[in-house]
Amino acid sequence: TYSDQIAPYKGELESWFVDNCNLWLYFKCLVATLVVVGTSNSKLVWWIFPNLPTPPASLRVDLGYLSA
């Protein structure tokens, strides 16, 4: 469910973003957004941001996690 799986991971992502916030991160977010929207290649996000928190097993396939 959202409150058990998605919300905690979303919180981890938000914390990661705050801890890593800089101009280079914004640029990478912009490029990743354009590429993913243009190509539907969600696995690219894990290549651009290799230190993102690992998603819970139940979300890995849907998020295109590389180890899924």
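1. Helices here are DSSP runs of H or I, at least four residues long, numbered from the N terminus. On that basis, Phe17 belongs to helix α1. Keep in mind that this is a predicted model.

2. Sticking with Phe17: is the residue buried or exposed? Neither, quite: Phe17 comes out as partly exposed, at 27% relative accessible area, because buried would need a value under 20%. Setting aside neighbours within four places in sequence, Phe17 touches Leu25, Tyr26 and Cys29. As for Pro50, 33 residues away along the chain, its C-alpha atom is 13 Å from that of Phe17.

3. Now the helix pair. The axes of α1 and α2 are 9 Å apart and the packing angle is about 130°. The two helices therefore count as oblique to each other, since 130° falls outside the ranges for roughly parallel, antiparallel or perpendicular. On the α1 side the contact uses Trp16, Phe17 and Asn20, and on the α2 side Leu25, Tyr26 and Cys29. By type, that contact has 5 nonpolar residues, 1 polar and no charged.

4. On to the core. The largest nonpolar one has 11 residues, including Trp16, Leu25, Trp46 and Leu52. Helices α1 (2-20), α2 (23-39) and α3 (44-48) each put in at least two residues, and α3 gives the most, with 3. As background, nonpolar side chains in soluble globular proteins tend to be buried together.

5. One last residue to click on is Leu52, a member of that core. Which residues does Leu52 contact, leaving aside neighbours within four places in sequence? They are Leu13, Trp16, Val45 and Trp46.

Note on methods:
Residues numbered from 1 in each chain as written. Predicted model: local features only at pLDDT ≥ 70, side-chain atom pairs only at ≥ 80, totals over all residues. Heavy atoms only, no water. Core = buried A, V, L, I, M, F, W, Y, C linked by side-chain atoms within 4.5 Å. Buried < 20%, exposed > 50% of the residue type's maximum accessible area, 1.4 Å probe, protein only. Contact = heavy atoms within 4.5 Å. Axes fitted to C-alpha atoms, helices over the stretch in contact; angles between N-to-C directions. Parallel < 35°, antiparallel > 145°, perpendicular 65-115°, else oblique. Nonpolar A, V, L, I, M, F, W, Y, C, P; charged D, E, K, R; others polar.
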